[in-house]
Amino acid sequence: MIIIADSGSTKTDWLLGDQAIETVGLNPIRDSEEQIKQVIRNLPQLPASEIYFYGAGCISPYSYTIVSALACRFPDALICVESDMLGAARATCGNEPGIVAILGTGSNSCLYDGKQMVENVSPLGFILGDEGSGAVLGRTLVGDALKGQLGDELRACFLQYFNLTPQDIIDKVYRQPMPNRFLASLVPFLRDYRHEPLIHELIVKQFKSFIRRNILLYNSYLDVHFVGGVAATFQSELLEAAEGENIRIGSILLRPIDGLRRFHARK
């Protein structure tokens, strides 16, 4: 039996044979060894022969934490741990070349030659980069709302939508853990108010920024494939931004796990 996992900053999708389950996101750069082991210990103990885990933060030497935790739970399995970016590339492109982008809680991209990533513009996280991500969309929304850029009516709608005060927001961003998750949790407001011109402009502007500061740096005319909840939710705005920047979108997947199932079935 083959186990496949795709882990982002917020959640992990698992395929344990034909069984699909979801756990919290596992990031070995961010999470402690004990946190990771606790999540994996709670997985059903099945007779797995191969495990393919694709995750955020799964780079050397941090990925060893994931390998170790999986080996404790599934001692007889061959274990392969790779980055979520390679997972996204395999899910969308299979064995064909392309440019691949993740737009979820965070954002990332790569140039893929059909076998491996050959270029990767560093995403830099939601403070220095992560353009177009849920965290940066939320951060921009908060900044515009609290600095009076949305107008009084939209600002009031935003605060009421989440039952927040400006003080609550400052506390969650600067004093509470994982502010990127909090900021990304504000994306539903953007989805529900996307018809408002200022909100529409905010979303498209962020996607254009992602394209300019990431995709165009590959200097390639290959199709660009997207995965992630933000890409799937805002397909029309993403297509508008792509057209404005003269790039061609190939596919948009909500969940890489579906494409990874097909990729590993072909092997």
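**View 1. Helices H5 and H10 pack against each other in this predicted model.** Helix H5 covers residues 134-146, and helix H10 covers residues 197-213. They pack at an angle of about 135 degrees. Their axes lie 11 Å apart. Angles of 65 to 115 degrees count as roughly perpendicular and those over 145 as roughly antiparallel. H5 and H10 are therefore oblique to each other. The crossing of H5 past H10 is right-handed. On the H5 side, Val136, Leu137, Thr140, Leu141 and Asp144 make the contact. On the H10 side, the contact residues are Ile199, Leu202, Ile203, Gln206 and Phe207.

**View 2. Five strands form an open sheet.** Read across the sheet, the order is E3-E2-E1-E4-E5. The pairing is mixed. Which strands sit at the edges? They are E3 and E5, and each pairs on one side only. Strand E5 spans residues 78-83. From one strand to the next, the twist averages 15 degrees. Strands of a sheet pair through backbone hydrogen bonds, either parallel or antiparallel. The next two views show both kinds of pairing.

**View 3. Strands E1 and E4 pair in the parallel sense.** E1 holds residues 2-7, and E4 holds residues 50-55. Six bridges join the two strands. Find Ser7, then look across to E4: its bridge partner there is Gly55. Ile3 stands opposite Ile51 in E4. Is E1 mostly covered or mostly uncovered? E1 is mostly covered, with five of its six residues buried.

**View 4. Two hairpins link E1, E2 and E3.** E1 and E2 form a hairpin with three residues between them. These two strands run antiparallel and are joined by five bridges. Ala5 has Trp14 as its bridge partner in E2. E2 and E3 form a hairpin too, with two residues between them. They run antiparallel and share six bridges. In E3, Thr23 is the bridge partner of Thr12. Look at the turn between E2 and E3: Gly17 has a positive phi of about 65 degrees.

**View 5. Helix H1 has a buried face.** H1 covers residues 33-41. Its buried residues are Ile36, Val39 and Ile40. Seen down the axis of H1, they fall within an arc of 95 degrees, so they line one face of the helix. An α-helix has 3.6 residues a turn, so residues three or four places apart point the same way. What covers the buried residues of H1? The cover includes strand E2 (11-16), strand E3 (19-24) and helix H2 (63-73).

**View 6. Helices H1 and H2 pack together.** The angle between them is about 35 degrees. Their axes are 9 Å apart. The crossing is right-handed. H1 makes the contact through Glu33, Ile36, Lys37, Ile40 and Arg41. H2 contributes Thr65, Ile66, Ser68, Ala69, Leu70 and Arg73.

**View 7. Helices H3 and H13 meet strands of the sheet.** Helix H3, residues 84-93, lies across E1, E4 and E5. H3 runs at about 95 degrees to E5. Helix H13, residues 256-266, packs on the sheet and touches E1, E2 and E4. The direction of H13 makes about 150 degrees with that of E1.

**View 8. Arg90 is a buried residue of helix H3.** Is Arg90 buried or exposed? Its relative accessibility is 14%. The cut-off for buried is under 20%, so Arg90 counts as buried. Leave aside its neighbours within four places in sequence, and Arg90 is in contact with Tyr54, Tyr112, Leu260, Phe263 and His264. Arg90 and Leu15 are 75 residues apart along the chain. Their C-alpha atoms are separated by 16 Å.

**View 9. Helix H12 keeps its buried residues on the same side.** H12 runs over residues 235-244. Glu237, Leu238, Ala241 and Ala242 are its buried residues. They cover an arc of only 135 degrees around the axis, which puts them on the same side of H12. The buried residues of H12 pack against strand E6 (98-103), H10, strand E9 (224-227), helix H11 (229-233) and strand E10 (249-253). Just after H12 comes Asn246, with a positive phi of about 60 degrees.

Technical notes. Residues numbered from 1 in each chain as written. Predicted model: local features only at pLDDT ≥ 70, side-chain atom pairs only at ≥ 80, totals over all residues. Heavy atoms only, no water. Buried < 20%, exposed > 50% of the residue type's maximum accessible area, 1.4 Å probe, protein only. Helix = DSSP H or I, 4+ residues; strand = E, 2+ residues; numbered from the N terminus. Arc of directions from axis to C-beta. Contact = heavy atoms within 4.5 Å. Pairing = 2+ DSSP bridges. Axes fitted to C-alpha atoms, helices over the stretch in contact; angles between N-to-C directions. Parallel < 35°, antiparallel > 145°, perpendicular 65-115°, else oblique. Left-handed = near helix turned anticlockwise from the far one by under 90°.
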